[in-house]
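Q: I have a model open on my screen and I'd like to learn how to read it. Can we go through it piece by piece?

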Amino acid sequence: QLQEKYPHVDIFLDDGGHVMDQQRTALRYMLPHVQPDGVYMCEDLSTSWGKGFGGVPGADHRNRSFRQDTMVGLVHLTMDWLQYHWVKGGVMKPAKPDDLNELWVDQKDWWQSIALNIKHIHYYNQMIVYEKGQPEVPYNAMTVGPSIPIKDTGVHEPVQWMPVLNRLSQRLKWED
């Protein structure tokens with residue numbers, strides 16, 4: 001009904017029901033409805049631990065019921081979906097969306113919508129913010145060890161790595 005009443009939504013703030021089914025349903029149906037480059041927010045995430053709201057007191061992501069039944073559990077799952085390229089363990093070899101449908105069979109009808117239409121997820125105390133837009137194309141960058149890519153990709157502001165590498169080399173006494 002909300003989608004029909006408000007066909008064009010740029011910003012959606014879920015400050016309505018605090019029961020797990022309500023928060024999870026709002027995310028499921030309203031996040032895809034928010035326009036490209038729009039924002040979806042849900043607050044009062046602490047209800048994921050409140051028994052009276054359908055939460056699981058004393059639990060966290062390690063608890064199956066917490067993962068499957070709470071809003072914070074769903075938020076954790078959506079963070080996996082945002083990082084879908086790497087979930088199968090293909091370090092330096094990003095997966096394609098269709099390679100992962102068997103992992104999220106129960107959410108098959110909407111996990112790719114999040115993976116392919118969410119640019120950023122911002123997680124704050126008691127609030128989650130989904131920023132819609134074109135996700136970044138995954139790329140590999142070696143940033144650990146004695147060598148750091150110095151070539152300017154044009155994606156980010158160039159960093160002057162040589163002074164940093166020289167200081168590190170002197171402190172750690174790396175050998176070529």
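A: Sure. Let's settle one bit of vocabulary before we look around: Ala, Val, Leu, Ile, Met, Phe, Trp, Tyr, Cys and Pro count as nonpolar, Asp, Glu, Lys and Arg as charged, and the others, Gly among them, as polar. Also keep in mind that this is a predicted model.

Q: Let's use that on a pocket, then. How many nonpolar, polar and charged residues are in the lining of the second largest pocket?

A: That lining has four nonpolar, four polar and five charged residues. The pocket's volume is about 340 Å³. Of its 13 lining residues, R24, R67, Q68, L77 and Q107 are the closest to the centre.

Q: Which helix gives the largest share of that lining?

A: Look at α4, which supplies six residues, the largest share. Helix α3 (64-69) also takes part: α3 and α4 each bring at least two residues to the lining.

Q: Now the sheet. How do its strands hold together, and what is their order?

A: In general, strands of a sheet pair through backbone hydrogen bonds, either parallel or antiparallel. Here you have an open sheet of four strands in the order β1-β2-β4-β3, and the pairing is mixed. At the edges sit β1 (9-14) and β3 (118-124), each pairing on one side only. Direction ignored, neighbouring strands are turned by 10° against each other on average.

Q: Which way does β4 run against β3, and how many bridges join them?

A: β3 and β4 (residues 127-132) are antiparallel, with six bridges between them. You can trace the pairing residue by residue: I118 has K132 as its bridge partner, H122 stands opposite V129, and Y123 is partnered by I128. The hairpin that links these strands has two residues between them, and Q126 takes a positive phi near 70° there.

Q: What about β2 and β4: parallel or antiparallel?

A: Antiparallel, over five bridges. On that side of β4, C42 stands opposite I128.

Q: Which strands does helix α2 lie across?

A: Helix α2 (residues 20-30) lies across β1, β2 (34-43) and β4, and it runs at about 175° to β2. Helix α4 (residues 71-82) packs on the sheet too, touching β2, β3 and β4, with its direction at about 145° to that of β3.

Q: And how do I describe two helices packed together?

A: You give the angle between their axes and the distance between the axes. For α2 and α4, the angle is about 30° and the axes are 9 Å apart. Angles under 35 degrees count as roughly parallel, so α2 and α4 are roughly parallel to each other.

Q: Which residues make that contact?

A: From α2 it's M20, Q23, R24 and L27, and from α4 it's M71, L74 and T78. Sort them by class and you get four nonpolar, two polar and one charged. You've met R24 already, among the residues closest to the centre of the second largest pocket.

How values were computed: Residues numbered from 1 in each chain as written. Predicted model: local features only at pLDDT ≥ 70, side-chain atom pairs only at ≥ 80, totals over all residues. Heavy atoms only, no water. Pairing = 2+ DSSP bridges. Axes fitted to C-alpha atoms, helices over the stretch in contact; angles between N-to-C directions. Contact = heavy atoms within 4.5 Å. 1 Å grid on protein atoms, 1.4 Å probe; cavity = no way out; pocket = protein on both sides within 12 Å on 5 of 7 lines; lining within 4 Å. Points joined across faces, edges and corners; volume = space filled by probe spheres on them. Parallel < 35°, antiparallel > 145°, perpendicular 65-115°, else oblique.
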